[in-house]
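Open the model in a viewer and keep the selection panel at hand. The stops below go from one selection to the next.

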Amino acid sequence: MRIFDWKFARKGVAALLAGMLASVAPAQACTNILMIAADGTPVYGRTLEYALQTQSDVVVVPRNYAFVGTRPGNMAAPKWNTRYAFVGVMSFGQPFVSDGMNEKGLAGGALYFPDFAGYTPVAQADPNTALAPWEFLSWVLSNFSTVAEVKAALDKTVIVDLPAPMVNFTLPFHFPIHDATGASIVIEPVDGKLKVYDNPMGVLTNSPTFDWHLNNIRNYVKLSPVAADPLKIGGKTFAPFGQGSGLLGIPGDPTPPSRFIRALGYVASAKQAPDGPQTVRLVEHIMNNFDIPVGFIDSAAKGGELEYTQWTSVADLRARKYYIKSYQDQVLRMVDLTSFDLDAKTLQVAPFKPNPVPPALQFGKP
């Protein structure tokens, strides 16, 4: 890992990225789940899709790190110091994360929420405390230890409609948040207010709103991991073809409503693993089903870029271990947050590195 010099990296970032992303189609295919092991360990999984390589790095942010929000011109910006250290994924050299877990086992992500996100106008918010969409998750992870604490703080929290300097438009997000007890919520900015939903299923994708996804489940109440019984009509018996007939009709396309139902199906039916480490592998297998290779979603045909799954993260919320794999290297890598000096004075950063050649299998001596 390298020590991160934020002051150096920040120079020129906004101008560079504005040009790079001017014509890029936004990400709309993130998927989030939470699985509970038999011993009660919650394990969180998430994918991130985007149409341009986001230059992602894994960062460990220590306690008492000074965050300063980004605001245009000479406008006052929010400032806060981290109460809790956290690990997460940052992009384009910025210290704000789009996914992560803190030292207390609070975890979550920023998932794309187009057409439905509605933030508070900048002029109607206190510039010293109002958060930009891309700052909100880092603020949550650095300040709170449980879902209950997050919920209690949201009455006084505002997310403002502010274009991100790296893309020159306002990023539409909603946020799944989980903690080490297994509690989950969804936070959605709608019409300038933060709506909060309890989420005992632990599943979230993208638009529409979470309550819409809950109503949509009613279209799939007959789905079952148990094979369908043969059908008897007019003295004839019709048996299903092979296994999986109870899931006939489960949506397989990459739209957010379909992925929500499919993710819910996996979470509800997967055999519970005994502990955190084995549940990490279970979640990895489930998240593989939401992997989008380059070209499967072809937005380039309409002037955009080819969206794909840039990385997949998994987090053991009790062991405080954060795992990640990238499109260029499908080996799951681990960051043990408890092994770091959480009172360090600087950020620790590990860049993603492509590894197109799979490592060789090691054989013992004959």
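Which strands each supply at least two residues of the lining of the largest cavity? They are β3, β7 (86-91), β8 and β10. Before selecting them, note that this is a predicted model, in which local features need pLDDT of at least 70, side-chain atom pairs count only at pLDDT 80 or more, and totals for chains, interfaces and linings use all residues. Residues are numbered from 1 along each chain as its sequence is written, and side-chain values use heavy atoms, with hydrogens and water left out. Helices (H or I, at least four residues) and strands (E, at least two) are DSSP runs numbered from the N terminus.

**Stop 1: the cavity**

Select Ser91, Phe92, Ser98, Leu171 and Phe173: of the 23 residues lining the largest cavity, these are the closest to its centre. The space inside is about 390 Å³, and there is 1 cavity of 30 Å³ or more. Strand β3 gives the most to the lining, with 4 residues. A cavity is a set of points on a 1 Å grid over the protein atoms alone where a 1.4 Å probe fits but cannot get out; lining residues have an atom within 4 Å of a point. Grid points are joined across faces, edges and corners, and a volume is the space filled by probe spheres set on the points.

**Stop 2: salt bridges**

Stay with β3 and select arginine 46 together with aspartate 99. They form a salt bridge, with the closest N and O atoms 3.2 Å apart. The partners come from distant parts of the chain, arginine 46 from β3 and aspartate 99 from β8 (residues 97-102), 53 residues apart. Both aspartate 99 and arginine 46 are buried, where buried means under 20% relative accessible area, exposed over 50%, and partly exposed in between (1.4 Å probe, protein chains only). A salt bridge is a side-chain nitrogen of Lys or Arg within 4 Å of a carboxyl oxygen of Asp or Glu; the structure holds 8 of them.

Next select arginine 63 and aspartate 343, a salt bridge whose closest N and O atoms are 3.0 Å apart. Arginine 63 is in the loop between β4 (56-61) and β5 (66-68), and aspartate 343 is in the loop between β19 and β20 (347-351), so the bridge ties together parts 280 residues apart in sequence. Arginine 63 is partly exposed at 28% relative accessibility, and aspartate 343 is partly exposed at 46%.

A third pair is arginine 333 with aspartate 329, where the closest N and O atoms are 2.8 Å apart. Here arginine 333 is partly exposed, with a relative accessible area of 44%, whereas aspartate 329 is buried at 9%. Add Glu103 to the earlier selection: shared partners join Arg63, Glu103 and Asp343 into one network of salt bridges.

**Stop 3: the largest pocket**

Keep Arg333 selected. The largest pocket has a volume of about 280 Å³, and Arg333 is among the residues closest to its centre, along with Ile324, Pro351, Phe352 and Lys353, out of 13 that line it. Strands β18, β19 and β20 are the elements that give two or more residues to this lining, with the largest share, 5 residues, from β19. A pocket is an open set of grid points with protein on both sides within 12 Å along at least five of seven lines.

**Stop 4: helix α7**

Select residues 276-288. How far apart are the end C-alpha atoms of α7? They are 18 Å apart, which agrees with the 18 Å expected for 13 residues at 1.5 Å a residue; the expected span is 1.5 Å times one less than the number of residues.

Buried residues of α7 include Leu282, Val283 and Ile286. The buried residues of the helix pack against β2 (31-36), β3 (42-50), α6 (256-269), β17 (306-316), β18 (321-326) and β19 (329-336), contact meaning heavy atoms within 4.5 Å. At the N-terminal end, aspartate 275 caps α7, with a side-chain oxygen 3.1 Å from the backbone nitrogen of glutamine 278.

**Stop 5: backbone exceptions**

Most residues other than glycine have a negative phi, and most peptide bonds are trans. Select serine 207 and proline 208: the peptide bond between them is cis, with omega near 5°. Proline 208 is in the loop between β13 (193-198) and α5 (210-216).

Finish at aspartate 115, which has a positive phi of about 75°. Aspartate 115 is in the loop between β10 (111-112) and α3 (136-143) and is exposed at 78% relative accessibility.

How values were computed
A polar contact is a pair of N or O atoms within 3.5 Å; within protein, one must be able to donate a hydrogen and the other to accept it, and residues adjacent in sequence count only if both atoms are side-chain atoms.
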